[in-house]
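Biologist: Please give me a close look at one part of this model, the later part of the chain. Then tell me how that part sits beside the rest.

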Amino acid sequence: MTKSHSSSGTLIKDLWDVIAGVILLGFALLLLFFLIPDYIGQPPILQSPMMSPRWLPTIVGWLLLVFSLLMIVQGLLVADDSEDNGRRFERGPWLRFVLMVSALIVYAGLFEMLGAIISGILATFMLFVAHPVRTLWVYGLAIVFPVGVTLLFTEVMNVPLPLLPF
């Protein structure tokens, strides 16, 4: 967030929060009222509403809508005048950006070949290396999270995913 030249008498305290909130609100409305109803098919007979392919995108859309409204309200009520308020963006090194994009490419590119678990572990390790994670036990989460998320999708939500290459 950069300083928006605001005084205590103006309606908008932080212009960039309001702009970002309005853009995210537009994406949420587009997702909820155009993309999900028009492009995600729903089978005529469902055993449970949670089995619908629209269920998870709809939840994400409503959460995006709520948080975008909260961001707009924050921009109207909270001024971004102090230097140490924790809301400043700091650019990281280019290597971090390259590693993060590479993690996405590794996950998407190796998903079918290696399966969801191994490609998820590789991508999560790359993300942990990209950020300053220096505690060794945290790298164990790079195994626990992909396994847990994959099992959640396959066993609980009944989503067919390639688990392992063998």
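Modeller: Helices here are DSSP runs of H or I with at least four residues, strands are runs of E with at least two, and both are numbered from the N terminus. What you're looking at is a predicted model, where local features need pLDDT of at least 70 and side-chain atom pairs count only at pLDDT 80 or more, while totals for chains, interfaces and linings use all residues. Residues are numbered from 1 along each chain as its sequence is written, and side-chain values use heavy atoms, leaving out hydrogens and water.

First, the overall picture. The protein has 4 helices and 0 strands, so to speak an α-α-α-α pattern along the sequence. Of its 166 residues, 24% are buried (under 20% relative accessible area; exposed is over 50%, partly exposed in between; 1.4 Å probe, protein chains only). Take contacts (heavy atoms within 4.5 Å) between residues at least 6 apart in sequence: 60% of them join residues at least 24 apart.

Now to your part, starting with H3. Helix H3 covers residues 94-130, and it holds both Trp-94 and Phe-97, 3 residues apart, about one turn of the helix. The structure has 6 aromatic pairs (Phe, Tyr or Trp rings, the six-membered one for Trp, with centres within 6.5 Å; stacked under 30 degrees between planes, edge-to-face over 60, tilted for the rest). Trp-94 and Phe-97 make an edge-to-face pair, because their planes stand at 90 degrees, with 5.9 Å between the ring centres. Trp-94 is exposed, at 65% relative accessible area, whereas Phe-97 is partly exposed at 48%.

Phe-128 and Tyr-139 form another edge-to-face pair, 5.8 Å centre to centre with 80 degrees between the planes. This pair links distant parts of the chain, as Phe-128 belongs to H3 and Tyr-139 to the loop between H3 and H4, 11 residues apart. Both Phe-128 and Tyr-139 are buried. Ring pairs also bring in Phe-125, giving a cluster of Phe-125, Phe-128 and Tyr-139.

Keep Phe-125 in view, since it turns up again beside the loop and H4. Gly-140 sits in the loop between H3 and H4 and is partly exposed, at 33% relative accessibility. The C-alpha atoms of Gly-140 and Phe-125 are 9.4 Å apart, with their positions 15 residues apart along the chain. Ile-143 is in helix H4 and counts as partly exposed at 43% relative accessibility. Leaving aside residues up to four places away in sequence, Ile-143 touches Ile-121 and Phe-125. Its C-alpha lies 8.4 Å from that of Phe-125, 18 residues away in sequence.

Phe-145 is in helix H4 too, and its 47% relative accessible area makes it partly exposed. From Phe-145 to Gly-120, 25 residues apart in sequence, the C-alpha distance is 8.4 Å.

Further along H4, which takes in residues 141-156, you'll find Thr-154. Thr-154 is buried, with 11% relative accessible area. With residues up to four places away not counted, Thr-154 touches Val-159, Leu-161 and Leu-163.

How does this sit beside the rest? In soluble globular proteins, nonpolar side chains tend to be buried together. Here, the largest nonpolar core (buried Ala, Val, Leu, Ile, Met, Phe, Trp, Tyr and Cys residues joined through side-chain atoms within 4.5 Å) has 6 residues: Leu-25, Ala-28, Leu-32, Ile-36, Leu-65 and Ile-72. H1 and helix H2 (55-77) each supply at least two residues of it. H1 gives the largest share, 4 residues. Among those named, Ala-28 touches Gly-61, Leu-64 and Leu-65, again skipping residues up to four places away in sequence.

A second, separate core has 5 residues, including Phe-128, Val-138, Tyr-139 and Ala-142. That brings us back to your part: Phe-128 and Tyr-139 belong to this second core as well as to the ring cluster with Phe-125. As for the early part of the chain, Ile-23 lies in helix H1 (residues 15-39) and is partly exposed, at 47% relative accessibility.
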